[in-house]
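Colleague: Got a minute? I have a few quick questions about this one.

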Amino acid sequence: MSDLLENGWRRVCATADVNDGELKRFQAGEIAVVVVGVGDEYRIIPPFCPHMAEPLHESGICRAGTLTCSKHLWQWNLLTGKEQGPAERPLLFYQSEVRDGEVWACVDKELVYEFDEEDDDDFEW
Ligand code: FES
């Protein structure tokens, strides 16, 4: 089966490739994405943290439906993408669905975060 369907939908991985609570990076055609296992669902997100662009497949921790970036502890609800705790920007999701044991995403347009230049200077531990 082709990995490309109409309207920007692409096969990203098999459901067996990503377990509950795991984050893994894949290519969906030209676009890099991270697939997150959330219970028996999947979220497909841009590969970088909305705060300071850490690679979320390395810095992200997924527990009980919450994604935490271990760099500065921004958190998001993985069902809604809504910010939790200190996070100041929502998490973006690609539209996704499971078809016959495979995870597909609509990647007709790359989702990118706009980073504030002063984020580099403002953060203090
Ligand atoms: S880079 Fe992820 S919370 Fe700061």
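Modeller: Sure, let's go through the core, the strands and a loop residue.

Colleague: What kind of model is this?

Modeller: It's a predicted model.

Colleague: OK. How many residues are in the largest nonpolar core?

Modeller: The largest nonpolar core has 28 residues. Those with the most contacts inside it are V12, V33, V35, V36, I44 and A105.

Colleague: Which elements give two or more residues to this core?

Modeller: Those are β1 (9–14), β2 (23–28), β3 (31–38), β4 (41–45), β6 (66–69) and β10. β3 gives the most, with five residues.

Colleague: And why do nonpolar side chains end up in a core?

Modeller: As a general trend, nonpolar side chains tend to be buried together in soluble globular proteins.

Colleague: Is β3 largely enclosed or left open?

Modeller: Six of the eight residues of β3 are buried, so the strand is largely enclosed by the rest of the structure.

Colleague: Let's pick one core residue. What does I44 touch?

Modeller: Leaving out residues up to four places away in sequence, I44 touches V12, V33, V35, F93, Y94, S96 and A105.

Colleague: Back to β3. How many bridges join β2 to β3?

Modeller: Six, and the two strands run antiparallel. R25 has V34 in β3 as its bridge partner, and Q27 is bridged to A32 in β3.

Colleague: What's in the turn there?

Modeller: β2 and β3 make a hairpin with two residues between them, and G29 in the turn has a positive phi of about 65°.

Colleague: What about β3 and β4, parallel or antiparallel?

Modeller: Antiparallel, with five bridges joining them. One of the pairs is G37 with Y42 in β4. This hairpin has two residues between the strands, and G39 takes a positive phi near 65°.

Colleague: New topic. Which strands form the open sheet?

Modeller: Four strands do, in the order β5-β6-β7-β8, with antiparallel pairing. β5 (60–63) and β8 (83–84) each have a single partner strand, so one side of each is left without a neighbour in the sheet.

Colleague: And how many bridges are there between β6 and β7?

Modeller: Three, and β7 covers residues 75–77. L67 has W76 in β7 as its bridge partner.

Colleague: Last one: where does D100 lie?

Modeller: D100 is in the loop between β9 (96–99) and β10 (102–106).

Colleague: Buried or exposed?

Modeller: Exposed: D100 has 8 other C-beta atoms within 10 Å, and the cut-off for exposed is 12 or fewer. Also, D100 and A14 are 86 residues apart in sequence, while their C-alpha atoms are 9.0 Å apart in space.

Terms used: Residues are numbered from 1 along each chain as its sequence is written. This is a predicted model: local features need pLDDT of at least 70, side-chain atom pairs count only at pLDDT 80 or more; totals for chains, interfaces and linings use all residues. A residue is buried if 20 or more other C-beta atoms lie within 10 Å of its own, exposed if 12 or fewer, and partly exposed in between; C-beta atoms are placed from the backbone. A nonpolar core is a set of buried Ala, Val, Leu, Ile, Met, Phe, Trp, Tyr and Cys residues joined through C-beta atoms within 7 Å. Two residues are in contact if their C-beta atoms, placed from the backbone, lie within 7 Å. Two strands pair if DSSP finds at least two bridges between them.
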